[in-house]
Amino acid sequence: MPSISALPHDPAQSPRLVFTDLDGSLLDHHSYDWAPARPWLDRLKAEGVPVIPVTSKTRSELLPLRRELGLEDAPFIAENGALAGLPLAWCHARLDRGPGADGVAIRTLGVDIGFIRQRLAVWRERLGLDFTTMSEMPLEELVAYTGLAEPEARLARLREGSEPLVWEEGDERLATLRAGLEGDGLRLVRGGRFWHVTGDCDKGRAVAWLTERFAALRGRRPRTLALGDGPNDIAMLEVVDQAVVIRGCHDLAVSPDQASLYRSRAAGPTGWAEGLTHWWGRDECRGKASPGSEPAARRGSQEDGATA
């Protein structure tokens, strides 16, 4: 049986991009471990296939995490599509400023965090709503709520274009807040742990923008795959060629309008690797199983396009 890294692929003939959610997808929802995804990450890096984080995390959280995951050469999308970080190879000479000290140029796709916080304060007072924003949570409470270590929790509060919040009331009152925010040009999106308030942006729009940027710079439209586990991933899963809904550690519905959809049996990074093997491992193995995959006879209804 060939190892996962030995499978042949020529990215010049078929450029590919992988867009991935982090928490609950590439990273375990509870431990933030990503070891089960390492073989696929190593293989994709060796083949020159960018793995692009698309996450609710902040730029400050992503910079050290990209180094840990070996993704420094790839761009990233932070805060649910509010901003994109572009390495030099992804920058347009006329449209982008050069990378800063952290090695990336930042492209703002949403609105400033000050405006979001101002409008949330207005609507809370005007409507008497009960919610707690991440910026208002004491650090120790944020650590307990997210499972992050204290240094990572500090980085999570360095928001630039979105504000997470914990909702304390029912759905009817939530709809009232949503309507008010929409009048301000803001969006309310459900994530794995928080509701997120952003500008008129989402993961799908950011992924589409980055895909167009790749095509403009390289002269070839890439084949795209996206993986995610939460409702805030739906827009991203709908704009790519192939998608994976990773089994979540929640009971939230994730039902994108996507014909080429696979639902993993496993959660977290194990389900992430399962999704990669389903879509791309079988193509290149020509029917042979790669590590972590199931024999074709056992996949049954989970063949291409199935949503079982």
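Accessible areas here come from the Shrake-Rupley method with a 1.4 Å probe. The structure is a predicted model. On that basis, the protein chain exposes about 13,500 Å². Carbon and sulfur atoms supply 49% of this area. The chain holds 308 residues, and buried residues make up 50% of them. Its secondary structure comprises 10 helices and 12 strands. Long-range contacts were examined next. Among contacts in the protein chain with a separation of 6 or more, 62% are between residues 24 or more positions apart.

Salt bridges were then searched for across the whole structure, and 19 were found. One of these pairs Asp21 with Lys203. The closest N and O atoms of Asp21 and Lys203 are 3.1 Å apart. This pair links distant parts of the chain, with the two positions 182 residues apart in numbering. Asp21 sits in the loop between β1 (16–20) and α1 (38–46). Lys203 belongs to helix α7 (residues 203–218). Both partners are buried: Asp21 is, and so is Lys203.

A salt bridge also joins the side chains of Arg59 and Asp102, at 3.7 Å from N to O. Arg59 lies in helix α2 (residues 59–69), and Asp102 lies in the loop between β4 (83–86) and β5 (105–108), so the pair ties together parts that are 43 residues apart in sequence. Asp102 has a relative accessibility of 33%, so it counts as partly exposed.

Asp96 and Arg107 form another salt bridge. Their closest N and O atoms are 3.2 Å apart. The two residues are 11 residues apart, and the pair links distant parts of the chain. Arg107 is in strand β5, whereas Asp96 is in the loop between β4 and β5. Their burial was assessed separately. Arg107 counts as partly exposed because its relative accessibility is 27%. Asp96 is buried, with a relative accessible area of 14%. Elsewhere, salt bridges that share partners join four residues into one network: Arg187, Asp200, Asp202 and Arg205. Side chains of opposite charge can pair when their charged atoms come close.

Charge also appears at the surface without such pairing. Asp130, Glu140, Glu141 and Glu168 form a negative surface patch. Within this patch, Asp130 is found in the loop between α3 (113–127) and β6 (131–133). The relative accessible area of Asp130 is 41%, so the residue is partly exposed. Patch residues must have over 30% relative accessible area and no salt bridge.

Backbone geometry was considered next. Most residues other than glycine have a negative phi. Glu79 has a positive phi of about 50° although it is not a glycine. Asn80 is likewise not a glycine, and its phi is positive at about 60°. Glu79 is found in the loop between β3 (76–78) and β4. Asn80 is also placed in the loop between β3 and β4. Glu79 counts as buried because its relative accessibility is 0%. At 4% relative accessibility, Asn80 counts as buried too.

Two further residues illustrate contacts across the sequence. Thr108 lies in strand β5. Its relative accessibility is 56%, so Thr108 counts as exposed. Beyond its neighbours within four places in sequence, Thr108 is in contact with Ala82 and Leu83. Thr108 and Leu83 are 25 residues apart in sequence. Their C-alpha atoms are 4.5 Å apart in space.

Ile116 is placed in helix α3. Its relative accessibility is 0%, and Ile116 therefore counts as buried. Leaving aside neighbours within four places in sequence, Ile116 is in contact with Val111, Gly161, Ser162 and Glu163. The contacts of Ile116 also include Leu186, Val197, Thr198 and Gly199. The C-alpha atoms of Ile116 and Asp184 are separated by 9.1 Å. Along the chain, Ile116 and Asp184 are 68 residues apart.

How values were computed. Residues numbered from 1 in each chain as written. Predicted model: local features only at pLDDT ≥ 70, side-chain atom pairs only at ≥ 80, totals over all residues. Heavy atoms only, no water. Patch = residues over 30% accessible without salt bridge, like charges linked within 9 Å, V, L, I, M, F, W, Y side chains within 5 Å. Lys, Arg positive; Asp, Glu negative; His and termini not counted. Charge placed at Lys NZ, Arg CZ, Asp CG, Glu CD. Helix = DSSP H or I, 4+ residues; strand = E, 2+ residues; numbered from the N terminus. Buried < 20%, exposed > 50% of the residue type's maximum accessible area, 1.4 Å probe, protein only. Contact = heavy atoms within 4.5 Å.
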